[in-house]
Amino acid sequence: MTRVVRHPPGKDRPRNAPMATLAPRRAGTWLRHWFTGHWHRLTIRLEARGGTTRPRKWRRWITYTNVTRAIWTVAALAVLAWVVEGLYILISSNTTGFEKWRKGNDGFDTVLRFLGPVLAASLAAALFLFWWYRWTKRRYLAKARDDPHRLVLTAGQDATEIVGREEIARVIAERLRERDTRRPYLLVGGVGVGKTAVLVRLTELLAEQNAVPVPIRLRDANGDSDLNFERMAKERFIEEAPRGILARTKTERVWQQLLADDKPVVIADGLEEALLGDGLEQNRDNIIRRAIERAYEEKLPLVIASRPHSPLESTPAAIVELEPLSEEEALRFVQARLPETDERRVDWIVETAEVTESPVYLQIARELHRHGALEHDRPDNEPQHMNTRSRDRGMLRLWLLETWDEALCQGRLRRDVALSRQERRDTLEVVSALACVGLLQDKLEVGLGELLDSDVHPGPMRRAQARAEHLWAGGRAFDRYGRRGNVFSEWHRQQIWDVLCRRIGPDERRRLRGGNMDQCRAALARIARNADKLGLVEGFERKVRFPHSIIQAYLGYRVLWQLGERGAGELVEQVLQPPGPSRELLMALVLLSRRRAARVRARREGVRAEVTKEVEERLRRSRVRGHTLAHRLCRAAERRTDDPKALDLYAAAVEIESVEDSPRLLGDILDEVRGTWTGFKGDRRSLDDAKLRLLRQLGAALRSVSDRIDTTPLYEQLVQIGVKEPSYSIRLAVAQEFGSGGNPAFAVIRGRIGLNTDPVQEYNDRLGELKAWKRGEYEQWAERMARARAAGAPSRARTERIGRLQQDRRKLNEEYRRKRVVLFREFVMRAWMIPMLLGSVDEAHRDEARERLTKWLRHLDPKATGGAPDLPLALEAALAQGFKYAANRRIRHPRAYQGGRADLIRQAETVLQQSRCWYAQLMLLQALCLWRLPDTVGVHERERHATPGRARRRARAAAGAGRSDRRADRGALAVDGRHGEPGTRAS
């Protein structure tokens with residue numbers, strides 16, 4: 001039987017309504033649904049934006065210019081209304097009420113005669129503001145948004161994508177928008193760290209926010225005795241603004257209106273190249289300081305990119321130090337969405353070569369990866385073979401650059417440039433010669449005429465004279481500034497010219513060797529234009545400029561390699577004197593050492609080959625063949641007793657010596673550095689950066705040569721350097737390099753500290769001995785003071801003796817504080833190093849390293865101490881930091897072992913339960929999360945975020961099992977007089 005369902009569930013019976021209202025009711029229902037859906041979408045969008053900071057437009061509503069603009073608009077509307085009224089009267093032949101009132105009011109005519117010209121001018125002002133001004137600004141902003149690389153003159157052709165600098169650009173743009181708190185910003189970074197990339201992204205971002213970014217190039221200010229950022233920005237804006245017959249007279253007025261609207265943002269690049277003209281270098285720092293102070297007083301939005309420079313710290317600008325990119329961002333940039341990728345090999349190259357230090361290496365690695373050259377190596381029996389699986393950073397960087405060189409010459413890169421293979425190679429050889437000239441003179445711009453002397457083809461007598469002058473200059477004594485000879489003489493030019501003529505193709509060689517001066521200049525200019533097309537240089541009429549200093553260093557290396565080690569050493573001998581050398585030249589010398597080491601190791605094996613190799617090595621290090629590059633750098637550094645530049649020379653010497661089969665100079669270098677470590681002077685920032693660079697090179701060198709020589713005495717000297725260093729960050733760097741040293745570094749701990757020695761008891765005993773020494777010295781001083789005061793009537797000799805005794809007391813207190821600080825530093829460094837050493841030693845020493853760490857941890861266990869934990873809070877925090885630094889290593893780290901990693905995780909969980917200090921608990925939580933992170937970058941996003949979450953939950957559970965001591969938390973970071981070092985911090 002059929003069943004009738006009168007009221008289906010979920011259905012509503014429509015209400016009774018006339019049929020005539022059906023269409024309006026449907027339209028109303030549609031409008032209601034549309035409004036509800038739009039409201040839901042808007043609500044969801046607002047909720048999604050609630051957790052993010054949206055960039056605001058560069059707009060201010062209540063300003064003097066906006067009020068003026070409103071007045072001109074009202075006046076223009078009044079004039080237009082009056083014109084419309086006149087047309088109405090003319091057409092209709094009827095008058096209006098306003099016209100009748102005006103004719104009957106004589107005072108209005110008087111006011112009209114006065115305001116008439118102003119009202120007429122309001123039309124021109126309104127036309128300018130609402131049409132010409134907006135049109136000019138819109139055209140300029142479109143150029144800044146669509147092609148910011150072309151607007152920033154210092155950006156190279158390879159800067160097609162900016163990676164990892166988005167947050168810095170957004171923060172700077174937001175801070176510059178607020179006029180009340182605005183100040184100039186200084187982007188400070190080393191060679192190739194990516195300063196120009198930040199400026200390119202900032203230009204694009206500001207244009208999107210309706211500001212007017214004006215990039216300028218500060219090296220164009222060399223001809224002026226004053227540095228005026230606003231004037232240079234005005235000239236740059238007029239150059240880039242739309243041009244035309246009317247624009248020539250209106251552009252300056254547009255600029256003035258932009259200043260009134262507070263729209264322009266000056267983006268200046270290359271402060272280190274500004275004011276280098278004749279007569280300006282002596283007053284250069286004062287001119288730069290006054291220019292920045294003027295911009296600060298005028299509230300001019302200003303962003304400057306510069307290398308580290310000491311006078312910048314005394315300016316009212318905010319200094320932003322750029323750090324290298326993370327390896328994850330670098331790997332994603334290099335892979336560039338390529339489906340077929342050997343991720344482990346690419347990740348190995350990115351990590352070991354440290355390509356994150358410079359966008360140039362990133363761009364080269366990406367281009368090579370796109371063409372499949374990053375994942376393929378040459379055969380082992382090829383003479384030019386280099387081991388790309390080496391852990392040496394310099395070797396991998398040289399391989400990257402040489403592979404890029406080969407791909408460029410073969411036409412696989414820059415395919416849009418119509419040049420043959422020989423033309424590309426000739427272009428590279430000419431540019432290499434110009435790069436070498438620039439390295440010797442420490443400049444990026446090199447004139448084409450600097451390769452050509454007054455006599456293009458000198459004869460034997462001219463060459464002999466140039467050689468004699470060079471030897472005479474090298475044999476003279478150094479002056480009071482440590483200089484002798486000329487860094488670029490006729491002899492230097494002849495050496496580079498000879499290399500160029502040997503390496504270049506036969507057609508170009510015939511033109512250069514057989515042509516006159518004009519013909520040689522024309523040939524060099526033509527080749528420089530080809531180099532500009534390839535993106536190697538920026539070509540001008542009579543000079544070239546290298547956009548990337550790292551590329552210049554590599555191109556200069558190509559000439560040095562043709563001269564050989566001895567010839568290259570003679571060529572750069574004078575350049576090593578003050579104020580040089582440049583870091584680019586040191587890079588070139590390091591690359592030269594890697595190429596020589598690769599050639600030596602590629603030779604055939606056998607007894608005869610080994611004998612030949614030993615003979616050549618002895619001749620190379622003898623005085624007959626001259627000194628090695630590392631020896632020349634050490635001699636140049638020894639002549640600079642307090643110059644921080646000596647640290648860069650030592651760092652380059654260490655990196656060069658580390659590839660030798662028998663690195664004999666490492667011990668001498670460490671002895672010299674340890675003896676002069678506290679004597680270097682200079683501004684704090686530059687000095688600390690130079691020390692950190694040297695320590696990183698020392699750590700890498702000691703790890704690489706540990707299988708060739710005994711590095712335990714060298715690690716001993718490294719510890720002594722760390723104890724003497726007053727800077728916290730540098731001591732921490734020493735501890736990290738020592739903690740990665742593995743078995744040789746652990747041998748230092750075994751030699752200095754017995755296995756049965758309790759660290760806390762040793763600290764307390766040595767502290768007690770120090771206090772006893774102070775007490776004994778003070779008692780002796782008190783006896784001498786009592787005898788001096790009791791020695792007869794007051795006299796001048798008695799007063800002087802008492803004054804000397806008071807000075808002795810101050811010296812005694814200073815000596816006690818110094819010894820106590822040294823003691824504290826030593827034990828803090830030991831607390832840092834013990835967990836890191838447990839993660840870096842092998843199976844043979846892991847049990848002993850675990851036992852030594854356990855002796856520290858027993859002092860946090862109430863059962864072992866018989867009461868409250870007795871480990872000083874400062875040492876507890878340092879121990880937790882050591883766990884975090886040990887966790888910040890990948891599994892593929894050369895000094896990381898899986899067994900030690902598991903031991904450290906168990907120990908960290910135990911310490912987390914027993915820790916009394918919130919800071920130590922925070923460090924241990926970070927360590928546990930770092931250990932739970934995956935070792936590869938290309939993992940699924942969900943797995944990458946889920947793993948640390950499990951580690952945090954597990955760590956919180958472990959932390960909740962322990963006791964909480966709030967009094968200990970409050971005193972954790974305050975290092976008192978019993979256990980702490982005054983003026984230090986625990987983080």
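This note goes through the predicted model point by point, from its overall make-up to its sheets, helices and two individual residues.

1. Overall make-up. The protein is a predicted model with 38 helices and eight strands, and of its 987 residues 47% count as buried. Among the contacts in the protein with a separation of 6 or more, 76% are accounted for by residues 24 or more positions apart.

2. The parallel sheet. Five strands form an open sheet in which the order is 2-3-4-1-5 and the pairing is parallel. Strand 2, covering 212-217, and strand 5, covering 318-321, are the edge strands, and each of them pairs on one side only. From one strand to the next the twist averages 20°. Within this sheet, strand 1 (residues 185-188) is paired with strand 4 (residues 302-306) in the parallel sense over four bridges, and Y185 stands opposite V303 of strand 4.

3. A helix on the parallel sheet. Helix 6, made up of residues 166-177, packs on this sheet, where it touches strand 1, strand 3 (264-269) and strand 4. The direction of helix 6 makes about 160° with that of strand 1, an angle that falls in the roughly antiparallel class because it is over 145 degrees.

4. The antiparallel sheet. Three strands form a further open sheet, in the order 6-8-7 and with antiparallel pairing. Strand 6 and strand 7 (538-539) stand at its edges with a single partner strand each, so one side of each is left without a neighbour in the sheet. Strand 6 pairs with strand 8 (residues 543-545) in the antiparallel sense over three bridges, and the bridge partner of G447 in strand 8 is K543.

5. Helix 13. Which length should be expected for helix 13 (residues 359-370)? At 1.5 Å a residue, its 12 residues should span 16 Å, and the end C-alpha atoms are indeed 16 Å apart, so the two values agree. Because 10 of its 12 residues are buried, helix 13 is largely enclosed by the rest of the structure; the buried residues are V360, Y361, L362, Q363, I364, A365, R366, E367, L368 and H369. Just after helix 13, G372 takes a positive phi of about 75°.

6. Helix 17. For helix 17 (residues 490-503), the 14 residues should span 20 Å at 1.5 Å a residue, which agrees with the 20 Å between its end C-alpha atoms. With 11 of its 14 residues buried, helix 17 is likewise largely enclosed by the rest of the structure. The buried residues are E490, W491, H492, R493, Q494, I496, W497, D498, V499, L500 and C501, a list that includes charged residues such as E490 and R493.

7. D453 and its contacts. D453 is found in the loop that lies between strand 6 (445-447) and helix 16 (460-475). Although D453 and R493 are 40 residues apart along the chain, their C-alpha atoms are separated by 7.9 Å. Leaving aside neighbours within four places in sequence, D453 is in contact with R462, E490, R493 and M517, and of these partners E490 and R493 are among the buried residues of helix 17.

8. Helix 24 against helix 26. The axes of helix 24 (residues 645-657) and helix 26 (residues 684-704) come within 9 Å and cross at roughly 15°, which makes helix 24 roughly parallel to helix 26. The crossing is left-handed. On the side of helix 24 the residues involved are L647, D648, Y650, A651, V654 and E655, and they meet L687, A690, K691, R693, L694, Q697, L698 and A701 in helix 26.

9. Helix 28 against helix 31. Helix 28 packs with helix 31 (residues 796-840) at an angle of about 35°, the axes being 8 Å apart, and this crossing is right-handed. From helix 28, Y728, R731, L732, V734, A735, Q736, F738 and G739 meet R825, M829, W832, M833, M836, L837 and S840 in helix 31.

10. E737. Is E737, which lies in helix 28 (residues 728-739), buried or exposed? Its relative accessibility is 13%, and E737 therefore counts as buried, the cut-off being under 20%. Not counting residues up to four places away in sequence, E737 touches L695, R696, G699, A700, R703, Y715 and L718.

How values were computed
Residues numbered from 1 in each chain as written. Predicted model: local features only at pLDDT ≥ 70, side-chain atom pairs only at ≥ 80, totals over all residues. Heavy atoms only, no water. Pairing = 2+ DSSP bridges. Helix = DSSP H or I, 4+ residues; strand = E, 2+ residues; numbered from the N terminus. Axes fitted to C-alpha atoms, helices over the stretch in contact; angles between N-to-C directions. Contact = heavy atoms within 4.5 Å. Expected span 1.5 Å × (residues − 1). Buried < 20%, exposed > 50% of the residue type's maximum accessible area, 1.4 Å probe, protein only. Parallel < 35°, antiparallel > 145°, perpendicular 65-115°, else oblique. Left-handed = near helix turned anticlockwise from the far one by under 90°.
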